[in-house]
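Here are a few friendly notes to read beside the model. I hope they help you find your way around.

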Amino acid sequence: MKKGILTVVFLLFFCLAFNAQTDSVYYGVPVKDSLSKPKKHRDNDWMKKFTFGSDVQAIFGTYTYVYLAPTIGYSPIDKLNVGVGFIYSYASVTYKNGGRISQSIYGAHSYARYFFTQSFYAQGQFDHLLQPNVYNFYNPNEKVWVDYALIGGGYRQPLGKNAA
């Protein structure tokens with residue numbers, strides 16, 4: 001019995017010298033890897049000037065409407081934001097007698113937005129959309145490219161540091 005206890009005590013003292021499971025995180029000492037190269041500092045300030053946004057709308061039922069408009073913008077100066085995006089719109093109406101009308105509109109848009117304050121802005125937008133030709137009564141499936149120039153303003157409500 002004494003021999004077994006002495007053996008266990010000896011093994012415990014012997015195992016205390018091993019650090020196989022010890023991590024430097026517990027001691028707060030960073031381990032320096034001599035094989036890794038020092039990281040180069042990248043100048044990513046220009047990426048902070050990019051903005052991403054979208055407009056998503058959906059209604060389902062006898063009248064179905066889906067609108068998607070993702071955008072990407074860039075702020076070359078403090079109060080100006082310019083950008084481009086894609087527009088897709090689908091509308092469908094189902095009538096009680098079983099008739100149904102549907103159409104799709106898609107294309108690209110660009111905008112310039114000037115901020116007077118943190119929340120109020122003026123915007124100019126140009127849309128180039130492929131849509132049904134409303135003037136051709138004989139062929140309702142014909143589509144034409146139509147240009148739209150829009151001018152307006154808006155208000156944005158900040159939701160945090162990087163969202164509004």
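1. A word on classes before the pockets: Ala, Val, Leu, Ile, Met, Phe, Trp, Tyr, Cys and Pro count as nonpolar, Asp, Glu, Lys and Arg as charged, and the others, Gly among them, as polar. By that scheme, the lining of the largest pocket divides into 15 nonpolar, 14 polar and eight charged residues.

2. Please keep in mind that this is a predicted model, in which local features need pLDDT of at least 70 and side-chain atom pairs count only at pLDDT 80 or more, while totals for chains, interfaces and linings use all residues. Residues are numbered from 1 along each chain as its sequence is written, and side-chain values use heavy atoms, with hydrogens and water left out.

3. The protein chain has two helices and six strands (DSSP runs: H or I of at least four residues for helices, E of at least two for strands, numbered from the N terminus). Along the sequence, the pattern is α-α-β-β-β-β-β-β.

4. Back to the largest pocket, which holds about 1300 Å³ of space. A pocket here is an open set of points on a 1 Å grid over the protein atoms alone, where a 1.4 Å probe fits, with protein on both sides within 12 Å along at least five of seven lines; lining residues have an atom within 4 Å of a point. The volume is the space filled by probe spheres set on the points, which are joined across faces, edges and corners. Of the 37 lining residues, Thr51, Asn81, Arg113, Phe115 and Arg156 lie nearest the centre. β2 gives the most to this lining, with seven residues.

5. The second largest pocket has about 160 Å³ of space. Its lining includes Ile101, Ser102, Pro132 and Lys143, and the largest share, four residues, comes from β4. By class, this lining has four nonpolar, four polar and two charged residues.

6. Which residues make up the largest nonpolar core? They are Tyr65, Tyr67, Ala69, Ile87, Ala91, Ile105 and Leu129. β2 (63-77) and β3 (80-94) each supply at least two of them, and β2 has the largest share with three. Such a core is a set of buried Ala, Val, Leu, Ile, Met, Phe, Trp, Tyr and Cys residues joined through side-chain atoms within 4.5 Å, where buried means under 20% relative accessible area with a 1.4 Å probe, protein chains only. Buried residues make up 20% of the 164 residues in the protein chain.

7. Leaving aside neighbours within four places in sequence, Ala69 is in contact (heavy atoms within 4.5 Å) with Gly53, Ser54, Asp55, Phe86 and Ile87.

Note on methods:
Buried < 20%, exposed > 50% of the residue type's maximum accessible area, 1.4 Å probe, protein only.
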